[in-house]
Amino acid sequence: PPPAAPHAHSLQSPTSRQDRRSSFQNPATFQGSYHDPRSQQQRALPRSIQQQSMQQMVPGSSPALPPRSGGENLHQQQPAYQGQVVDKNCIKNFVIPKPKGQSAAFRELTPTDEYYFDYPHAPQRICYRFRKVLDPMLLAQTLDKALEELPMCASKVCTFQGKRNFHVGCEGAKLPMLLVEPKTLSQYLDLSFLCERMMQGVPPDVPLFQAYLFRAEDPSHGCTLVACFHHVLGDATCYSTFLVKWSQIYEQYLSRPGYTPHDQTDMPKKPCGPQDLMRSKVPLPSKHKETFARRYFFSPKHLSGVKSDLGGNTEGVSTNDVIMAQFCCAVGPHRKAQLGGTSAYIALLADHRGRGLDADMWGNATVDLSIFVSWDLIESGDVSAVARDIRKQIKSELDLLSKDIPAFNVRRFDSAKKPRFLCWNSWLKAGRTMLEARFGASSGMFDFEWLNLLHHTDINTALTVPSLSQFGTDTLSPQQVSCLSAFSGSKQPDSYLAVQVALQSQTEIDAINGCWGDGATVKRVNTVAEC
């Protein structure tokens, strides 16, 4: 159907927050406040939020169609274990209360927001693994400052004047610290599960953003920080903006004279035990039992070789285009009969910012570009020709997006009715920005993981993410490296990006291994991926 007109909405400005603390409290006091070098106009979030009132885009999928994410859609925003929570003796909460008497600020949900709230994707969980334990009190205090700068992350969805609104800035800063066994710090599925069990209630009572800090009793094992975002808050660009902002404030206060670290012995009474990690047994849908989620790693040297095969490359073909073309030529012929038609439909996810939307717009700005590559061209095996055809269509789609959004939406909905060969979702740009959120670790950040990928089983989706083994001068023993994630053994020291895909058979695995080399498999038991 043609897109509905965007809803009008407004953001009521909250009262001035000059009365808030000008310095942090226990364990250390710092005079002054965080200094942001940008001008007040540059960092004014309401302006970016209000840009959405001009947004003519509709959600990633029409509400009349199934959710775009497809697959099993595991781990929805609402907790799967209502009434069961982690033992409180395993948790210590660091809370910065909000000042009393603060006025409310509301912003009506746009049609895009409505989609992401009504068709909840899994909570987006971003995981950082550090060699040293971060200061939990300072994390909570600087989180409070970051939420002042970007108040959308301190929101809940509520009904206001008969309509659904974001209650902007209503949430205080809260950082639960969970004590776990040392091995659990690198067992990301267990951490993701603990995050889920920590959620209490159902939307709209669940905070849209929540961070968790995991540590062992011995601080030499380091820590793991997991940030969880409800997808209604925005896309990967928003997540990276917030995480980098939080990290910058943390680092600034960490380096100030007079900083006193929080007492390392102030921790929960006991670590999470087997009962806290016990999963329910829910069988997988039969159609997903034979899928293999695999991740493939690419070094800069490999990627430069891929681009050099294009010769002059006057069309501006990107590395992403070539990798996509390689997948089409390797796997496409095995799925042609199942999909039918004369061409393979690819939904390529792209950022609408800077292409008709304000570059600083906050929210979900991802749109689907409709790419159709003929099966004859794919079966020819000519990767360069397929890549050039993809780039040509991308330019055409972006041109239509910039000139005629209603026509672009009509084309998207018409395309969505066809069987989809592939949805290509790249987190590379936003993900590389997320790696800048080091929280004062000049070295010793050993791993970064988008935890949602460990539940990925949609055979029609490919996801591109940054790859990181470690940075800086610190090194880990082989024993420590081997337990960091499911994919450490496949990572190379200079790995730059990874592509994760779900394959249907060993034949498909053999076909893609021919051009990408061997990858790492995510094995699943029931609804849980086991690495």
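**View 1. The F160–K163 bridge in a predicted model.** In strand β5, K163 is the bridge partner of F160. Zooming out a little, β4 and β5 (residues 163–168) are paired through five bridges, running antiparallel; a pairing needs at least two DSSP bridges. Strands here are DSSP E runs of at least two residues, helices are H or I runs of at least four, and both are numbered from the N terminus. This is a predicted model, with residues numbered from 1 along each chain as its sequence is written. Local features need pLDDT of at least 70, side-chain atom pairs count only at pLDDT 80 or more, totals for chains, interfaces and linings use all residues, and side-chain values use heavy atoms, with hydrogens and water left out.

**View 2. The open sheet and the helix across it.** Follow the strands in the order β2-β5-β4: these three make an open sheet with antiparallel pairing. The edges belong to β2 (105–108) and β4 (156–160); each has a single partner strand, so one side of each lacks a neighbour in the sheet. From one strand to the next, the twist averages 45°. Helix α2 (residues 111–118) lies across β2, β4 and β5, at about 90° to β5 (axes are lines fitted to C-alpha atoms, for helices over the stretch in contact, and angles between N-to-C directions run from 0 to 180 degrees).

**View 3. One ring pair, F106 with F160.** The whole structure holds 22 aromatic pairs, counted when centres of Phe, Tyr or Trp (six-membered) rings lie within 6.5 Å. F106 and F160 have ring centres 3.8 Å apart and planes at 5°, so they are stacked (stacked is under 30 degrees, edge-to-face over 60, tilted the rest). The two rings bring together distant parts of the chain, since F106 sits in β2 and F160 in β4, 54 residues apart.

**View 4. Helix α6 against helix α7.** The axes of α6 (residues 300–308) and α7 (residues 319–339) come within 10 Å, crossing at roughly 85°. The two helices are therefore roughly perpendicular (65 to 115 degrees; under 35 is roughly parallel, over 145 roughly antiparallel, the rest oblique). From α6, L303, V306 and K307 meet T319, V322, I323 and Q326 of α7, with contact meaning heavy atoms within 4.5 Å. By type, the residues of this contact are four nonpolar, two polar and one charged (nonpolar: Ala, Val, Leu, Ile, Met, Phe, Trp, Tyr, Cys, Pro; charged: Asp, Glu, Lys, Arg; polar: the others, Gly among them).

**View 5. Helix α9 against helix α10.** Here α9 (residues 383–403) packs on α10 (residues 405–416) at about 130°, with axes 6 Å apart. That angle makes α9 oblique to α10. E397, L400, L401 and K403 of α9 meet I405, A407, F408 and R411 of α10. The tally for this contact is five nonpolar, no polar and three charged residues.

**View 6. How far to trust the picture.** Mean pLDDT (the predictor's per-residue confidence, 0 to 100) is 75 for the protein, and 71% of residues reach 70 or more. Among the elements, helix α1 (residues 45–50) has the lowest mean, 37, and helix α8 (residues 375–379) the highest, 97. Residues 1–83 stay under 50, with 216 contacts beyond four places in sequence. Where pLDDT is low, don't read the predicted coordinates in detail.
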